[in-house]
Amino acid sequence: MLRFGLCAATLLAFFAGGVSAGTLQEVKSREVLNCGVNAGLIGFASKDARGEWSGFDVDLCRAVAAAVLGDPRKVNFVETTTKSRFTELLSGEIDLLARNTTWSFSTDVGLKVDFAGINYYDGQRFMVPKALGVSSATELNGRTVCAQPETKTAMNLSEYFARNNITYKLVEIESTAQGQAFYLEGACEVFTGDASELAAIRATFQAPTDHLLLPDVISKEPLGPVVRHDDDEWGDVVRWVLNALISAEELGVTSVNIDEMRERTDKPEIARLLGASGQFGEMLGLDPEWAVRAIKSGGNYGEMFARNIGETTPINLSRGLNLQWTEGGLLYSPPFR
């Protein structure tokens, strides 16, 4: 979610003309992908004690590196914050922003960036201690709520409470980390943010089951990877890597069976996806097996979801809206044809 109020005109004026539009060629020449990720959100992007990155967004970065550079390890992970992420993207410090960022009008049009698709359908919710004894956001009248001021999170919060004719006291925070500390210390009774973010934060608590994510969803937060505007060749690569991961799950292609599927499939779309027919790699400026490498790097969309944030992980997220469209969800890739 866009939580930091940036001046679009200032950013655009500062960076105008400062970044080449040839990111694909730059990445190939550099032989490493600079991928901006969350500075630390378990399940999505976090480092272990050895400095090794893992997570749902990390896997997307690695899939792009595998497709473009032939090796998912050729990624330089750059830690970004809500304040720094767009500055780093627009300045060229990172090639791709792959962290919890909402596709909204003000971000897309105001900042002149391009979203390469949606990899997680989310929404803003509330986390409370179970001891508070509430089961719905409509019961939060008069409560203290931690949120960053002058952000989309705060705007959603204000609009929701006004719409339901209830009041709250805003406890201003400068960062998610500070909000988490305030919440655990009791400085605020309620913590609000994207549901996936709250679930990831709760998983780090000593007693996660003592905290409840209220069922009320107060906003739409379609999250997805972001590239610079007017860099269509690079945008196509990132977009179709994401689509390949989504399509692979729909078509039954996994990191385990992919080689057999490529050799023996009688389905034209699978053959095109995996480079056994057609010229899709050439059209992207890549070789025929770009999607094979992307899928092998961390699995298809479903494999990535289950391993990093699914119901068998501490994050314990159900697929929900992120189910394939064939299963009642919103997940949908344009066809490979």
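In this predicted model, the centres of domain 1 and domain 2, taken over C-alpha atoms, are separated by 29 Å. Domain 1 is assembled from two stretches of the chain, 23–121 and 223–327, whereas domain 2 consists of residues 123–220. The contact between them draws 13 residues from domain 1 and 12 residues from domain 2.

Together the two domains bury about 920 Å², and carbon and sulfur atoms account for 61% of that area. On the side of domain 1, L41, I42 and I315 contribute 34% of the area buried against domain 2, more than any other three residues. Charged and polar pairing across this interface can be stated briefly: zero salt bridges are found between domain 1 and domain 2, and one residue pair is in polar contact, with both residues at pLDDT 80 or more.

An annotation from the UniProt record may be set beside this division. The unreviewed entry assigns "domain: Solute-binding protein family 3/N-terminal" to residues 32–261. Over residues 32–261, helix makes up 35% of the chain and strand 23%. The C-alpha atoms at the two ends of this range lie 29 Å apart.

Attention now turns to individual residues, beginning with N322. This residue is located in the segment that follows α14 (301–308). Is N322 buried or exposed? Its relative accessible area is 1%, so N322 is buried, the cut-off for that class being under 20%. Leaving aside residues up to four places away in sequence, N322 touches N119, Y120 and Y121, and also Y301, F305 and L331.

R85 is a further buried residue, with a relative accessible area of 0%, and its place is in helix α4 (residues 85–91). What does the side chain of R85 contact? It makes a polar contact of 2.9 Å with the side chain of T101. R85 and T101 are 16 residues apart along the chain, and their C-alpha atoms are separated by 9.3 Å.

The structure as a whole holds 12 salt bridges. One of them joins D95 to R30, with the closest N and O atoms 2.7 Å apart. This pair links distant parts of the chain, since D95 is in the loop between α4 and β5 (96–97) and R30 is in helix α2 (residues 23–30), 65 residues away. The partners differ in their surroundings: D95 is buried at 1% relative accessibility, while R30 is partly exposed at 32%.

Other salt bridges lie within a single helix. R239 pairs with D236, the closest N and O atoms being 3.0 Å apart. Because R239 and D236 are three residues apart in helix α9 (residues 232–251), about one helical turn separates them. R239 is partly exposed, with a relative accessible area of 27%, and D236 is also partly exposed, at 32%.

In helix α10 (residues 258–264), R264 and E260 are four residues apart, about one turn of the helix. Their side chains meet in a salt bridge of 3.8 Å, N to O. R264 has 68% relative accessibility and therefore counts as exposed, the threshold being over 50%. E260, at 47%, counts as partly exposed.

How values were computed:
Residues numbered from 1 in each chain as written. Predicted model: local features only at pLDDT ≥ 70, side-chain atom pairs only at ≥ 80, totals over all residues. Heavy atoms only, no water. UniProt positions renumbered as here; feature names shortened; annotations may be inferred. Buried < 20%, exposed > 50% of the residue type's maximum accessible area, 1.4 Å probe, protein only. Contact = heavy atoms within 4.5 Å. Domains from an automatic or database assignment. Buried area = accessible area lost by both parts, 1.4 Å probe. Salt bridge = Lys/Arg side-chain N within 4 Å of Asp/Glu carboxyl O. Polar contact = N/O pair within 3.5 Å; in protein donor to acceptor, adjacent residues only side chain to side chain.
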